[in-house]
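This note is meant for a colleague meeting the structure for the first time. Please read the points below with the sequence and the model at hand.

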Amino acid sequence: AGEEVYMSGGGGGADEWVLQQIPPACRGEYFVVGNEVRPNLRYDSDLFALDVVSTTERTVLFLRYKPALDEQVVDAVSASGKLVAYDYRRCLHLQTDWGPGEVMLLWPADWSVRVDGETIAVLDGTGQVVARMGDEVRLRGRAIPHDADVAIYRQLIDELPGDCIGASWLVDGAD
């Protein structure tokens, strides 16, 4: 009780027989749980470290990649876009005009995040602010293959918070 979990499944109605089994006080909207239930916020991943930071407006999940992930992603690229997070997708994303439209960002191990007034600021390894939420940024990094046949991608989606799953990118620096 009290632990944030990730569940597969979906909403749906219950048939009459099922409704008869449910006490009247418990009737309402239902979520039918699928075959996957796991903790949503993993603090023991071999691939990333997780920090949770909150302003009065929102909570953001800040993921820093570890060597086990860093060593397996090699194709360097640059990308520009707006640094965003949403109430329903709390990881920091780069909102772009290309490809998937947005990519979830994993940051270098020595980078950090802090509350800066009413927004979130990302700091590089020297403690300098690289960007704040809502800023247009240009980042250097590497795309993680978005392919279920790639073992590192399968491991990553098994460990990421549910609201962070999707196209993912390792940040190497900012321009």
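1. In this predicted model, three strands form an open sheet in the order β8-β9-β10, and their pairing is antiparallel. The edges of this sheet are β8 (112-116) and β10 (129-132), each of which pairs on one side only. From one strand to the next, the twist averages 30 degrees.

2. Within the open sheet, β9 (residues 119-123) and β10 run antiparallel and are joined by three bridges. A reader who wishes to locate this pairing may look at V122, which stands opposite A131 in β10. As general background, the strands of a sheet pair through backbone hydrogen bonds, in either a parallel or an antiparallel manner.

3. A closed barrel is also present: five strands follow the order β5-β6-β7-β12-β11, and the pairing is mixed. Neighbouring strands of this sheet are turned against each other by 60 degrees on average, with direction ignored.

4. One pairing of the barrel can be described in detail. Strand β11 (residues 136-143) and strand β12 (residues 168-174) run antiparallel, and five bridges join them. A143 has W169 in β12 as its bridge partner.

5. Is E102 buried or exposed? This residue belongs to strand β7 (residues 102-106), one of the strands of the closed barrel. Its relative accessible area is 17%, and E102 therefore counts as buried, the cut-off for that class being under 20%.

6. Which side chains make polar contacts with the side chain of E102? One is that of Y86, at 3.2 Å. Another is that of R89, and here the polar contact is 2.6 Å. When neighbours within four places in sequence are set aside, the residues in contact with E102 are Y86, R89, H93, L94, Q95, T96 and A167.

7. Y88 offers a contrasting case. This residue lies in the loop between β5 (76-84) and β6 (93-95), two strands that both take part in the closed barrel. Because its relative accessible area is 59%, Y88 is classed as exposed, a term that applies over 50%.

8. Finally, the position of Y88 may be related to that of S45. The two residues are 43 residues apart in sequence, and their C-alpha atoms are 22 Å apart in space.

Conventions: Residues are numbered from 1 along each chain as its sequence is written. This is a predicted model: local features need pLDDT of at least 70, side-chain atom pairs count only at pLDDT 80 or more; totals for chains, interfaces and linings use all residues. Side-chain values use heavy atoms; hydrogens and water are left out. Two strands pair if DSSP finds at least two bridges between them. Helices (H or I, at least four residues) and strands (E, at least two) are DSSP runs, numbered from the N terminus. Axes are lines fitted to C-alpha atoms, for helices over the stretch in contact, and angles run from 0 to 180 degrees between N-to-C directions. Buried means under 20% relative accessible area, exposed over 50%, partly exposed in between (1.4 Å probe, protein chains only). A polar contact is a pair of N or O atoms within 3.5 Å; within protein, one must be able to donate a hydrogen and the other to accept it, and residues adjacent in sequence count only if both atoms are side-chain atoms. Contact means heavy atoms within 4.5 Å.
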